[in-house]
Structures are given as structure tokens and as C-alpha cells.
Amino acid sequence: MQIIQSTLPLYKFTIHIQATSPISFYNFPGIAFRGGFGWMLKLQTCLEKDRPSCKGCQFILHCPYASIFESHNVGDIEVMKEATNFPHPFVMSPLVQWPSTIKPGESFTVYLSIFGEAIKYFHFFVKALKALGQRGLGKEKSKFVVTEITNYHNGDKLYTANEGYVGENIEGLYINHDVVTGLQINFLTPCHIKYNGAIITEPTLNVIIKNILRRYKIISNIYGDSSVIYTEDDINYDSIKVVDVHTEWYSTDRLSKRQNRIMKIEGFTGSMNVQGDISALYNILKIGEAIHLGKHTSFGCGLMKVNSLN
């Protein structure tokens with residue numbers, strides 16, 4: 001048995017949502033959820049709502065909205081020094097087929113990952129989602145309730161609609177497994193990855209691993225310990241076989257009000273099976289489950305799930 005503790009605390013939650021009025025997703029669902037969540041979080045926490053932006057606000061270092069949703073580069077960090085904004089300390093992914101309509105009484109799942117010290121805002125995430133359900137999602141103001149929240153990693157129940165918060169001890173990611181000789185990697189939402197300047201339309205294992213490690217290193221430097229204990233050094237790609245790769249390409253457009261232009265959200269979905277000496281690989285892929293792959297992760301893209309085939 002091998003147990004690996006991430007140097008950067010990674011938290012992931014399974015949020016169960018039940019529609020109380022029809023919810024129609026005409027486009028990638030993450031677009032509507034990201035916009036609605038950010039809007040509601042700002043309404044609930046911003047102390048300077050009349051400001052055109054968070055830049056220059058006296059509360060920027062202490063505001064939940066600014067810290068969670070704007071993530072301005074206001075610190076002395078070794079990575080992304082020229083960036084105006086850092087990657088967000090969270091990822092939210094509704095797992096819903098699109099286009100589709102969720103009928104009243106039907107349920108679906110939203111996965112929420114929170115990185116490092118941002119876990120202190122967990123209750124703000126929950127409160128904003130609950131308020132969004134009461135106000136309504138999208139132009140149609142579609143209503144829903146958050147029925148239950150569990151810890152993705154160990155199944156602990158943390159919240160129910162009937163009981164409220166039922167657990168305050170939130171454990172982060174730990175990797176606990178026997179020797180693994182077979183995996184299925186499922187790419188559940190569009191994964192947009194560039195490698196050597198080219199967009200990857202069909203994933204290869206080494207590109208997936210490199211992308212996870214690069215993103216993990218950046219997030220670790222910003223939101224936690226700058227040391228990263230995972231590298232490719234322990235992976236023997238010659239002893240690993242990739243089989244049964246099945247992918248599709250998805251592309252859609254969204255209007256960026258901030259940039260006043262149409263932007264694309266695109267990437268591959270599908271699955272691949274991996275066989276061989278993959279214990280070291282497994283550790284990194286489980287981190288990828290929490291932090292997601294590629295671009296547009298703030299919209300819920302890059303969601304992956306790893307299943308053992310032992």
C-alpha cells in the first residue's frame with residue numbers, strides 16, 4: 001500500500017443539485033455556472049460594488065470575491081510575474097450533457113475543487129451556490145437546490161439541505177492504492193492542450209502528464225508550498241502501453257463581456273486505457289483529477305476521472 005500526501009493541499013467536492021424548475025443548457029454548462037457563481041459571490045461579499053474592477057480596491061487582499069474569482073497578481077511570486085491575473089484557486093464543473101434540459105425533480109452533479117488556503121472560503125462557495133439556486137441560473141432564472149455535498153476523496157458527508165452543515169473536518173487529497181497495472185482515463189469535459197505550439201486533438205500520455213505537472217507547479221507556487229514532489233523521473237514510458245483511445249472534438253463560442261469579443265471554448269473529450277508499470281503515473285493523474293487539464297479550467301473544462309482496471 002502506498003500513501004502520497006500532496007505538498008499543496010487539494011480539496012474536491014461532489015455537489016448534488018436538484019432542479020426545481022426546468023434548467024436548459026443550450027451550450028457548455030460551465031459557462032452559465034461560472035458566470036452565475038461569480039455574480040452571486042460578488043453580490044454577497046464585495047464591499048465596493050460600485051467600483052468598475054477590483055484593481056486598486058483597499059480590500060483586495062481580504063475580499064473573498066477578489067481572492068476566489070479575480071485572483072489578481074498582487075504578490076511576490078516566482079511564477080507568472082508578468083501576468084495580470086493568476087489561475088483561480090478553484091475549478092467548478094457541472095457534469096451535464098449539453099444541449100439538454102433538466103426537468104424539475106431531476107438531479108445532476110457539480111464537481112468543485114479548491115486549492116491550498118482558499119479552502120478557508122469553502123462556506124462562501126456553498127452560500128453563493130445556494131443563493132444562485134434561489135435567484136435562478138441564466139436568462140431563464142432556472143431554480144435549483146443544493147441537496148448534498150460530499151468530500152470527493154473519501155465520501156464524507158459535509159452538507160445536506162435538510163440538516164445543513166454536518167461535517168467540518170475537511171480532508172484534502174491523499175492517494176491510497178495498491179500496485180496499479182491498468183487504468184482508464186476519462187476526459188469528461190473539453191480538454192484544450194497546447195504542446196510545442198500545436199493544439200492537441202488526440203491526447204498522448206506524456207503530453208497529459210507534462211500538462212498536469214506544469215499546472216500543478218504553477219498552482220503550488222501561488223497557493224501553497226513552492227516545492228513539488230512529483231516529476232516524470234519515476235515514469236518508465238517504455239513499460240507503459242496506451243490502448244483503446246477514443247476521443248471527440250468539441251467547440252463552442254462564448255461572449256466575453258470583459259474583452260467585448262467572442263471567444264472559443266474547445267477541446268477533446270473521450271477516454272484512453274493505460275496498462276503496465278503505472279504506479280508513479282497514477283499519483284500524478286489523481287492530482288490531475290483535482291486540478292484539471294489545459295485551458296479554460298475556470299469554466300469547468302479539463303475535468304478528468306481516473307479508474308483502476310485491476
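This is a chat about the salt bridges in a predicted model.

Biologist: What are the ground rules for this model?
Modeller: It is predicted, so local features need pLDDT of at least 70 and side-chain atom pairs count only at pLDDT 80 or more, while totals for chains, interfaces and linings use all residues. Residues are numbered from 1 along each chain as its sequence is written, and side-chain values use heavy atoms, with hydrogens and water left out.

Biologist: How many salt bridges are there?
Modeller: Three, where a salt bridge is a side-chain nitrogen of Lys or Arg within 4 Å of a carboxyl oxygen of Asp or Glu.

Biologist: Which residue does Asp253 pair with?
Modeller: Lys264, with the closest N and O atoms 3.3 Å apart. That pair links distant parts of the chain, eleven residues apart: Asp253 lies in strand S14 (residues 240-256) and Lys264 in strand S15 (residues 261-276). Strands here are DSSP runs of E, at least two residues, and helices are runs of H or I, at least four, numbered from the N terminus.

Biologist: And what about Glu289?
Modeller: Its side chain meets that of Lys286 at 2.8 Å, N to O. The two are three residues apart in helix H5 (residues 279-291), which means a separation of about one helical turn.

Biologist: Are Glu289 and Lys286 buried or exposed?
Modeller: Both are buried, meaning under 20% relative accessible area; exposed is over 50% and partly exposed is in between (1.4 Å probe, protein chains only).

Biologist: Where does Lys157 find its partner?
Modeller: At Glu148, 3.7 Å from N to O. Lys157 is partly exposed at 42%, and Glu148 is partly exposed at 22%.
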